[in-house]
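Subject: Structure handover

Hello,

Here is the structure you asked to take over. My notes on it follow below the entry.

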Amino acid sequence: MNVVIVALGASVGAFVRNELTQASRKIKIDFPWMTLLINVIGSFILGLVTAKISDNALLLFLGTGLCGGFTTFGTFNFELSQLWFQKRYFRCFVYFCLSYLLGIFGFVCGIIL
Amino acid sequence: MKHLISFLAVFVGALFGGGFRYLIGLAFGGGSGFPFGTLFVNLTGAFCLPLLIHYLHDRFELSDGLVLSLSSGVLGAYTTFSTFTADVFRLFSGGEFVLLGLYLILSMVGGFLLALLGNYLAAFLAHREFWGNKKAD
């Protein structure tokens, strides 16, 4: 049962992520800012959810499912590798640092708020 | 119609990806101790995504809808950034600094290196098959 709850949450999260990523392609900035935003916001929401919600099923749906499916590690590293192969090393480095720093910072903010 | 198909592709893919991530987490012992589950899904996902996009897509002439389902859906939901940050916070507040350092290095450096490796392997396989076919001609 738990696996179904997580899977459904992940589907909703992934759907929203995909809509946002597709929409962001219309804005031509040579930096994967949308994935950055998604990962930071998702980490922030997971922090909030972890701190505020005690019901186990809801936690699985919103936390492990929705936030887990909304944020992505695969696309993030894929974009890093793209920047690397395009020899945009500085952007690659900035994207790497910002994602990890702001992601962890976002989660901590969610916990504290 | 096209929008409905891309919606279903991502939604159904993520059902499997998210469910799989949860089951792997359970198999590695759930939410306490060193987060082997999150590390495993993130590293394997980071390796598979470039392989899918730069090799499997062309090799098996997968449709764009299927590639979207597998990449944004399955692998997108299979890997996770937010659980990673939650694990980092949990290890830090538990005072597990050695495990935290290990987890950070393995995730951050490992994820990036495996994504590079996935790209290299995709290029290697595509190249090998291209020249293999040339010789057969």
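A residue counts as buried if 20 or more other C-beta atoms lie within 10 Å of its own, with C-beta atoms placed from the backbone. A:G9 has 28 C-beta neighbours inside 10 Å, so A:G9 is buried. Please keep in mind throughout that this is a predicted model.

Confidence

The model scores ipTM 0.95 and pTM 0.94. For chain B the average pLDDT is 93, and 96% of the residues score at least 70. Where pLDDT is low, the predicted coordinates should not be read in detail.

Chain A

Chain A consists of 113 residues, of which 50% count as buried. It has five helices and zero strands, in the order α-α-α-α-α along the sequence. The C-alpha trace of chain A spans about 45 × 25 × 20 Å along its principal axes. Among contacts in chain A with a separation of 6 or more, 75% are between residues 24 or more positions apart.

Helix 1 of chain A covers residues 2-24. At 1.5 Å a residue, its 23 residues should span 33 Å, and the end C-alpha atoms are 33 Å apart, so the expected and modelled spans agree. The buried residues of this helix include A:I5, A:V6, A:L8, A:F15, A:R17 and A:N18. The buried residues of helix 1 of chain A pack against helix 2 (33-52) and helix 3 (56-70) of chain A, and also against helix 1 (2-27) and helix 3 (64-78) of chain B.

A:G9, mentioned at the start, sits in helix 1 of chain A. Leaving aside neighbours within four places in sequence, A:G9 is in contact with A:F61, A:L62, A:G65, A:L66 and A:G69 of chain A, and with B:G18 of chain B. A:G9 and A:C67 are 58 residues apart in sequence, yet their C-alpha atoms are 7.9 Å apart in space.

Contact between the chains

The contact takes 39 residues from chain A and 37 residues from chain B. On the chain B side, helix 1, helix 2 (36-59), helix 3, helix 4 (82-93) and helix 5 (97-136) each supply at least two residues. Helix 1 of chain B gives the largest share of that side, with 11 residues. By class, the side of chain B that touches chain A has 21 nonpolar, 15 polar and one charged residues.

Inside chain B

Helix 2 and helix 3 of chain B pack with their axes 9 Å apart, at an angle of about 170 degrees. Angles over 145 degrees count as roughly antiparallel, and helix 2 and helix 3 of chain B are therefore roughly antiparallel to each other. Helix 2 of chain B contributes B:V41, B:G45, B:C48, B:L49, B:L52, B:I53 and B:H57 to this contact, while helix 3 of chain B contributes B:V67, B:L70, B:S71, B:L75 and B:Y78. The contact of helix 2 with helix 3 of chain B has nine nonpolar, three polar and no charged residues.

One more residue of helix 2 of chain B is worth listing: B:L43. B:L43 has 21 other C-beta atoms within 10 Å and is therefore buried. Not counting residues up to four places away in sequence, B:L43 touches B:G110, B:G111 and B:L114. B:L43 and B:M108 are 65 residues apart in sequence and 9.5 Å apart in space, C-alpha to C-alpha.

Regards

Terms used
Residues numbered from 1 in each chain as written. Chains lettered and ligands numbered in written order. Predicted model: local features only at pLDDT ≥ 70, side-chain atom pairs only at ≥ 80, totals over all residues. Helix = DSSP H or I, 4+ residues; strand = E, 2+ residues; numbered from the N terminus. Expected span 1.5 Å × (residues − 1). Buried ≥ 20, exposed ≤ 12 C-beta atoms within 10 Å, placed from the backbone. Contact = placed C-beta atoms within 7 Å. Nonpolar A, V, L, I, M, F, W, Y, C, P; charged D, E, K, R; others polar. Axes fitted to C-alpha atoms, helices over the stretch in contact; angles between N-to-C directions. Parallel < 35°, antiparallel > 145°, perpendicular 65-115°, else oblique. pLDDT = per-residue confidence, 0-100.
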